[in-house]
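These are my notebook entries on a single chain, set down in the order in which I looked things up. The sequence and the coordinates are placed here for reference.

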Amino acid sequence: MQAEQEDRFQEFVRARWSRLVRTAYLLTGDVHHAEDLTQTALAKAYRSWRRISRSDNPEAYVRRMLVSCNSDRFRKRRVTEALTAAPPERAGRDEGAGRVEERGSLLAGLAQLPPKQRAVVVLRYWEDLSEAEVADVLGCSPGTVKSQASKGLAKLRVYPGLAADRTAPGGRGQERGQEQGQRQGHSQVRIQGRVQGGSR
């Protein structure tokens with residue numbers, strides 16, 4: 001790889017590492033697996049960086065590799081997961097116990113979803129991708145994305161801790177009025193709002 005391409009790749013890694021690891025964490029349920037998964041995806045991206053860097057959205061390519069590598073992980077062996085309330089690289093800010101408990105319930109609920117449903121929910125509502133973009137990442141039809149999202153949200157709605165607290169902070173009303181903040185917080189509110197308010 002030429003020096004200029006190397007520099008661009010390193011710049012991409014520095015800019016996207018934390019976000020990719022957070023996404024990988026939601027897909028794997030383990031901080032160490034998330035970091036390994038991200039490194040694996042980036043290693044594959046490095047080998048094809050000249051082609052990827054010329055695309056309109058290099059991050060979309062790497063995200064697709066991330067999801068593919070995670071699918072390979074599930075195909076090779078059954079994995080045990082235990083999501084906690086503290087994703088990696090969490091931005092430091094004051095949060096009440098209720099908010100932490102909400103996040104813990106949401107992450108634990110995600111851990112109960114089958115891999116494909118979880119990937120759809122994470123990409124659709126955490127990453128805020130369109131149905132077409134999620135379909136492109138997962139290599140399926142938009143209709144499949146819509147169906148998997150509906151099934152995943154339905155399971156989250158009956159998950160203990162999420163189903164019981166329909167009026168908790170993070171519902172649709174608060175989602176509309178919440179001030180601009182960290183992307184991670186908004187992504188959590190987006191998923192929780194869908195769980196509590198229904199999918200459209």
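Entry 1, surface and overall make-up. The accessible areas I quote come from the Shrake-Rupley method with a 1.4 Å probe. On that basis I noted that the chain exposes about 10400 Å², with carbon and sulfur atoms supplying 45% of this area. I record at the outset that the model is predicted. I then looked up burial across the chain and found that buried residues make up 46% of its 200 residues. For secondary structure I counted ten helices and zero strands. Read from the N terminus, the order of elements is α-α-α-α-α-α-α-α-α-α. I also looked at contacts with a separation of 6 or more, and 69% of them join residues 24 or more positions apart.

Entry 2, helix H1. I followed H1 through residues 3-28. Where does H1 have its kink? I found the kink centred on Arg 16, with a bend of about 55 degrees. Just after H1 I came to Gly 29, whose phi is positive at about 85 degrees.

Entry 3, H1 against H6. I next looked up how H1 meets H6, the helix of residues 115-126. The two axes come within 9 Å and cross at roughly 145 degrees, and the crossing is right-handed. Which residues form this contact? From H1 I listed Thr 23, Leu 26, Leu 27 and Thr 28, and from H6 Arg 118, Ala 119, Val 122 and Trp 126. Sorted by class, the contact has five nonpolar, two polar and one charged residues.

Entry 4, cover over H6. Is H6 mostly covered or mostly open? I found H6 mostly covered, with ten of its twelve residues buried. Among the buried residues I noted Gln 117, Arg 118 and Arg 124, as well as Val 120, Val 121, Tyr 125 and Trp 126.

Entry 5, the loop after H6. I looked up Asp 128, which lies in the loop between H6 and H7. Phi of Asp 128 is near 60 degrees, a positive value in a residue other than glycine. I set this beside the general rule that most residues other than glycine have a negative phi. Why does Asp 128 count as partly exposed? Asp 128 is classed as partly exposed because its relative accessible area is 44%, and the class runs between the limits of 20% and 50%.

Entry 6, helix H7. I took two residues from H7, which spans residues 131-138. Ala 132 lies in H7 and is partly exposed, with a relative accessible area of 48%. I noted that the C-alpha atoms of Ala 132 and Pro 142 are 5.4 Å apart, although the two are ten residues apart along the chain. Leu 138 is also found in H7. Its C-alpha atom is 7.3 Å from that of Val 67, a residue 71 positions away in sequence. Leaving aside neighbours within four places in sequence, I found Leu 138 in contact with Val 67, Ala 119, Val 120 and Leu 123. Ala 119 thus recurs in my notes, having been listed in the contact of H1 with H6.

Entry 7, helix H4. I looked up Ser 71 in H4, the helix of residues 58-76. At 31% relative accessibility, Ser 71 counts as partly exposed. Between the C-alpha atoms of Ser 71 and Lys 116 I noted a separation of 8.2 Å, with their positions 45 residues apart along the chain.

Entry 8, helix H2. Last, I looked up Leu 37, placed in H2 at residues 31-47. Is Leu 37 buried or exposed? Leu 37 is buried because its relative accessible area is 7%, and the cut-off for buried is under 20%. Not counting residues up to four places away in sequence, Leu 37 touches Ala 24, Thr 28, Leu 66, Cys 69 and Asn 70. Of these, Thr 28 is one of the H1 residues that meet H6. I also recorded Arg 73, which is 36 residues from Leu 37 in sequence and 9.0 Å from it in space, C-alpha to C-alpha.

Key:
Residues are numbered from 1 along each chain as its sequence is written. This is a predicted model: local features need pLDDT of at least 70, side-chain atom pairs count only at pLDDT 80 or more; totals for chains, interfaces and linings use all residues. Side-chain values use heavy atoms; hydrogens and water are left out. Axes are lines fitted to C-alpha atoms, for helices over the stretch in contact, and angles run from 0 to 180 degrees between N-to-C directions. A crossing is left-handed if the near helix is turned anticlockwise from the far one by less than a right angle, and right-handed if clockwise. Contact means heavy atoms within 4.5 Å. Ala, Val, Leu, Ile, Met, Phe, Trp, Tyr, Cys and Pro count as nonpolar, Asp, Glu, Lys and Arg as charged, and the others, Gly among them, as polar. Buried means under 20% relative accessible area, exposed over 50%, partly exposed in between (1.4 Å probe, protein chains only). The bend at a residue is the angle between axes fitted to the seven residues ending there and the seven starting there.
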